[in-house]
Amino acid sequence: EVLIRMVNADGSIVQPDSFMPAAERFDLVSAIDREVIRLAMSAMSVMMQRQKSVPILSVNLSPSSLRDPALLNYMGQSLQQFGLPGNLLIFELTESAAIFDLGQAQSFFSGLKDLGCRVALDDVGSGFNSFDNLRQLPVDQIKIDGSYVRGACDNELDFAFVQSIQRIAEILKVKTVAEFVEDDRIQAAMIDI
């Protein structure tokens with residue numbers, strides 16, 4: 001997963017939760033998304049040229065990306081520019097952002113899939129109506145909200161929720177990723193599910 005950080009003048013690292021709210025307030029998030037996409041594709045292109053194995057990268061998109069009418073075109077042009085197949089990229093959007101404008105999300109996700117890219121619905125379970133959303137959105141991967149995963153070994157409801165999301169993902173034939181697998185006990189439980 002591609003993670004972004006900001007570097008202060010003193011060289012210290014700034015986490016996204018410290019700078020993204022300001023970027024949202026000043027309408028800079030779409031520009032940041034584009035730069036992250038460009039840098040990720042550029043790095044992948046360099047890896048391909050050096051004949052190294054190229055990992056599948058997952059890139060988080062901000063909710064404002066759904067409302068950027070030129071972003072899909074930018075992504076398509078960037079894939080061509082860097083000579084990359086779309087299937088090397090997974091674009092993630094949070095469930096809550098997708099359900100805010102379900103019609104726009106459906107159109108955007110379909111556009112990504114037309115480019116050959118994969119789509120992941122992030123933080124599944126943190127919003128309302130998760131099961132209905134899963135039926136309506138054309139996604140390739142579901143990332144189960146880490147708060148449920150973290151509690152799955154100690155909380156029967158969290159465990160059942162993770163199980164149910166996994167079962168639905170199997171029926172939909174999409175992959176699942178469990179967030180916040182922080183110890184061997186949680187890892188064993190997620191593998192078992």
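1. Let's start with A189. In this predicted model, its relative accessibility is 12%, so A189 counts as buried, the cut-off being under 20%. The residue belongs to helix α9, which covers residues 184–192. If you want a long-range reference distance, try A189 to Q15: the pair is 174 residues apart in sequence, and the C-alpha atoms are 30 Å apart in space.

2. Now the overall build. DSSP-style bookkeeping gives the protein chain 9 helices and 7 strands. The radius of gyration is 17 Å, and a compact globule of 193 residues would have one near 16 Å, so the two agree. Along the principal axes, the C-alpha atoms fill a box of roughly 45 × 40 × 40 Å. As for contacts, take those with a separation of 6 or more: 69% of them join residues 24 or more positions apart.

3. Surface and burial next. Of the 193 residues in the protein chain, 40% count as buried. The chain exposes about 10,700 Å², and 53% of that comes from carbon and sulfur atoms. On the charge side, there are 16 positive and 26 negative charges, and their mean positions sit 7 Å apart.

4. Where do the nonpolar residues go? In soluble globular proteins, nonpolar side chains tend to be buried together. Here the largest nonpolar core has 44 residues, and I37, F91 and F109 are the ones with the most contacts inside it. A second core stands separate from that one; it has 5 residues, including F19, M20, A23 and V29.

5. F91 deserves its own look. Leaving out neighbours within four places in sequence, F91 is in contact with I37, V59, L61, M75, L112, C117, R118, V119 and A120. Note that I37 turns up here as a partner of F91, and I37 is also listed with F91 among the residues with the most contacts inside the largest core.

6. Two backbone spots to check on your Ramachandran plot. Most residues other than glycine have a negative phi. D27 has a positive phi of about 55° although it is not a glycine. D27 sits in the loop between α1 (16–25) and α2 (29–49). With a relative accessible area of 66%, D27 is exposed, since the cut-off is over 50%. F180 is the other spot, with a positive phi near 60° in a residue that is not glycine. F180 lies in the loop between β7 (175–178) and α9, and at a relative accessible area of 43% it is partly exposed.

7. M48 is worth a click too. M48 lies in helix α2 and counts as partly exposed, at 36% relative accessibility. Beyond residues up to four places away in sequence, M48 touches V54, G83, L84, P85 and L88. One of these, L84, is 36 residues along the chain from M48, with the C-alpha atoms separated by 8.6 Å.

8. Last, P16. This proline is placed in helix α1 and is partly exposed, at 23% relative accessibility. Its partners, not counting residues up to four places away in sequence, are I4, R5 and P21. For another long-range distance, use P16 and L157: they are 141 residues apart in sequence and 31 Å apart in space, C-alpha to C-alpha.

Note on methods
Residues numbered from 1 in each chain as written. Predicted model: local features only at pLDDT ≥ 70, side-chain atom pairs only at ≥ 80, totals over all residues. Heavy atoms only, no water. Core = buried A, V, L, I, M, F, W, Y, C linked by side-chain atoms within 4.5 Å. Buried < 20%, exposed > 50% of the residue type's maximum accessible area, 1.4 Å probe, protein only. Contact = heavy atoms within 4.5 Å. Helix = DSSP H or I, 4+ residues; strand = E, 2+ residues; numbered from the N terminus. Rg over C-alpha atoms; globule rule 2.2 N^0.38 Å. Areas by Shrake-Rupley, 256 points an atom, 1.4 Å probe, with all protein chains shown as cover. Lys, Arg positive; Asp, Glu negative; His and termini not counted. Charge placed at Lys NZ, Arg CZ, Asp CG, Glu CD.
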